[in-house]
Amino acid sequence: MDEAAIAAARHVIEQAKGAVMLVYGVEAQDAFTVLRTASQATNVKLRDIAAAVVRRLPDLGGSYDLDALRRTLNRVLSRTRTA
């Protein structure tokens, strides 16, 4: 992976962390732990989990129902393949 790809992956991970922080009400380190745990549980690379979360961001932002947002994010994080 070249430097540009690494930087792009980090950017996506940071965006996903922000979504997790917002939806679950956790700090940055805890958000990263959520993503890492989902990665390990599903055997999917963390950057791919983060990309799946980011792809769903428009869906996540469309609702003000925090429980619905959590259910959507839970589904994304529990997938065994990228969504």
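## Exercises on a five-helix model

Arginine 70 and aspartate 67 both belong to helix 5 (residues 66-77), where they stand three residues apart, about one turn of the helix. The model behind these exercises is predicted.

**Exercise 1. Describe the salt bridge of arginine 70 and state how exposed each partner is.**

Step 1. Begin with the distance: arginine 70 pairs with aspartate 67, and their closest N and O atoms are 3.7 Å apart. A salt bridge requires a side-chain nitrogen of Lys or Arg within 4 Å of a carboxyl oxygen of Asp or Glu, so the pair qualifies.

Step 2. Turn to the surroundings of each side chain. Arginine 70 counts as partly exposed because its relative accessibility is 28%, and aspartate 67, at 44%, counts as partly exposed as well.

**Exercise 2. How many salt bridges does the structure hold, and where do glutamate 14 and lysine 17 lie?**

Step 1. The structure holds two salt bridges. One of them joins the side chains of glutamate 14 and lysine 17, with an N to O distance of 3.2 Å.

Step 2. Glutamate 14 and lysine 17 are both found in helix 1 (residues 3-24), and the spacing between them is three residues, about one turn of the helix.

Step 3. Apply the cut-offs for accessibility, under which buried means under 20% relative accessible area and exposed means over 50%, with partly exposed in between. Lysine 17 has a relative accessible area of 12% and is therefore buried, whereas glutamate 14, at 46%, is partly exposed.

**Exercise 3. Starting from lysine 17, locate threonine 33 in sequence and in space.**

Step 1. Threonine 33 has its place in helix 2, and lysine 17 lies in helix 1.

Step 2. The two residues are 16 residues apart in sequence, and their C-alpha atoms are 9.3 Å apart in space.

Step 3. Threonine 33 has a relative accessibility of 27%, which means that this residue counts as partly exposed.

**Exercise 4. What is notable about phi of asparagine 43, and is asparagine 43 buried or exposed?**

Step 1. Phi of asparagine 43 is near 60°, which is a positive value in a residue other than glycine.

Step 2. Asparagine 43 sits in the loop between helix 2 (28-42) and helix 3.

Step 3. With a relative accessibility of 73%, asparagine 43 counts as exposed.

**Exercise 5. Describe how helix 3 and helix 5 cross, and which residues meet there.**

Step 1. Two packed helices are described by the angle between their axes and by the distance between those axes. For helix 3 (residues 46-55) and helix 5, the axes come within 9 Å and cross at roughly 145°, and the crossing is right-handed.

Step 2. On the side of helix 3 the residues in contact are Ile49, Ala52 and Val53, and they meet Leu73, Val76 and Leu77 of helix 5. Sorted by character, the residues of this contact comprise six nonpolar, no polar and no charged.

**Exercise 6. Place these details within the protein as a whole, using its elements, its burial and its surface.**

Step 1. The protein has five helices and zero strands, and from the N terminus on the order of elements reads α-α-α-α-α.

Step 2. Of its 83 residues, 30% count as buried. The protein exposes about 5200 Å², of which carbon and sulfur atoms supply 52%.

Step 3. For the contacts between residues at least 6 apart in sequence, 54% join residues at least 24 apart.

Definitions and conventions
Residues are numbered from 1 along each chain as its sequence is written. This is a predicted model: local features need pLDDT of at least 70, side-chain atom pairs count only at pLDDT 80 or more; totals for chains, interfaces and linings use all residues. Side-chain values use heavy atoms; hydrogens and water are left out. Helices (H or I, at least four residues) and strands (E, at least two) are DSSP runs, numbered from the N terminus. Buried means under 20% relative accessible area, exposed over 50%, partly exposed in between (1.4 Å probe, protein chains only). Contact means heavy atoms within 4.5 Å. Accessible areas come from the Shrake-Rupley method with a 1.4 Å probe; for residues, only the protein chains shown count as cover. Axes are lines fitted to C-alpha atoms, for helices over the stretch in contact, and angles run from 0 to 180 degrees between N-to-C directions. A crossing is left-handed if the near helix is turned anticlockwise from the far one by less than a right angle, and right-handed if clockwise. Ala, Val, Leu, Ile, Met, Phe, Trp, Tyr, Cys and Pro count as nonpolar, Asp, Glu, Lys and Arg as charged, and the others, Gly among them, as polar.
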